[in-house]
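Please walk through this protein with me, one element at a time. Keep the sequence and the model side by side as you read.

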Amino acid sequence: MNIRAQSTFRAGDFARLEALILPRIQAAVTVAADAVLEQAVSNAPKQSGELAASGRREVVWQGQRVDGYVVFDAAHAAF
């Protein structure tokens with residue numbers, strides 16, 4: 001039995017590939033951050049609602065990374 005295999009890699013236009021993939025990555029990170037925010041808001045104390053209302057998500061593209069953050073900025077959010 002004679003088995004042969006051949007593989008070829010041609011480096012393509014990485015900028016074009018990145019332009020196609022990046023919006024999808026940002027969308028996926030946004031969905032994930034929204035899910036975390038929803039859960040965090042549901043766990044927040046409901047006395048005045050100020051803490052829950054101060055929650056938001058941020059999605060930031062930094063170089064070759066897309067980071068998602070859940071931020072609460074009420075005055076007592078750090079406690």
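Is Asp34 buried, partly exposed or exposed? Asp34 counts as partly exposed, because its relative accessibility is 33%. Keep in mind throughout that the model is a predicted one.

Start with the long-range link that Asp34 makes. Arg57 and Asp34 form a salt bridge, with 2.7 Å between the closest N and O atoms. The two partners come from distant parts of the chain, 23 residues apart: Asp34 sits in helix H1, Arg57 in strand S1 (residues 55-62). Arg57 is also partly exposed, at 34% relative accessibility.

Stay on helix H1 for a moment. The helix covers residues 14-43, and Phe14 belongs to it. Phe14 is exposed, with a relative accessible area of 53%. A nonpolar surface patch is formed by Phe14, Leu17, Leu20, Ile21 and Ile25. Together these residues offer about 450 Å² of accessible area. Ala40 is also placed in helix H1. Its relative accessible area is 24%, so Ala40 is partly exposed. From the C-alpha atom of Ala40 to that of Arg24 the separation is 24 Å, for 16 residues along the chain.

Now move to the strands. S1 and S2 pair in the antiparallel sense, and the pairing runs over eight bridges. Within this pairing, Glu58 faces Tyr69 of S2. Two residues lie between the strands of the hairpin. There, Gly63 adopts a positive phi near 65°.

How many salt bridges does a search of the whole structure find? The search finds four. One of them, between Arg57 and Asp34, has been described above. Another joins Asp73 to Arg56, with the closest N and O atoms 2.7 Å apart. Asp73 lies in the segment after strand S2 (65-72) and Arg56 in strand S1, so this pair ties together parts 17 residues apart in sequence. Arg56 is partly exposed, with a relative accessible area of 33%. Arg56 and Asp73 also belong to a network of salt bridges that links them with Glu58. Glu58 thus appears twice in this account: in the network, and opposite Tyr69 in the strand pairing.

A further salt bridge connects Arg65 and Asp67. Here the closest N and O atoms are 2.9 Å apart. What is the accessibility of each partner? Arg65 is exposed, with a relative accessible area of 51%. Asp67, in contrast, counts as buried at 11% relative accessibility.

Finish just ahead of S1, at Ser54. This residue is in the loop between helix H2 (50-53) and S1. Why does Ser54 count as buried? Its relative accessible area is 12%, and the cut-off for buried is under 20%. The side chain of Ser54 makes polar contacts on two sides of the sequence. It reaches the backbone oxygen of Leu51 at 2.8 Å. A polar atom of the Ser54 side chain also lies 3.2 Å from the backbone nitrogen of Ala74. Beyond its neighbours within four places in sequence, Ser54 is in contact with Val71, Phe72, Asp73 and Ala74. Asp73 is therefore a shared point: it touches Ser54, and it lies in the segment after strand S2, from where it pairs with Arg56 in strand S1.

Technical notes:
Residues are numbered from 1 along each chain as its sequence is written. This is a predicted model: local features need pLDDT of at least 70, side-chain atom pairs count only at pLDDT 80 or more; totals for chains, interfaces and linings use all residues. Side-chain values use heavy atoms; hydrogens and water are left out. Patches are made of residues with over 30% relative accessible area and no salt bridge: like charges are joined within 9 Å, nonpolar side chains (Val, Leu, Ile, Met, Phe, Trp, Tyr) within 5 Å. Accessible areas come from the Shrake-Rupley method with a 1.4 Å probe; for residues, only the protein chains shown count as cover. A salt bridge is a side-chain nitrogen of Lys or Arg within 4 Å of a carboxyl oxygen of Asp or Glu. Helices (H or I, at least four residues) and strands (E, at least two) are DSSP runs, numbered from the N terminus. Buried means under 20% relative accessible area, exposed over 50%, partly exposed in between (1.4 Å probe, protein chains only). A polar contact is a pair of N or O atoms within 3.5 Å; within protein, one must be able to donate a hydrogen and the other to accept it, and residues adjacent in sequence count only if both atoms are side-chain atoms. Contact means heavy atoms within 4.5 Å. Two strands pair if DSSP finds at least two bridges between them.
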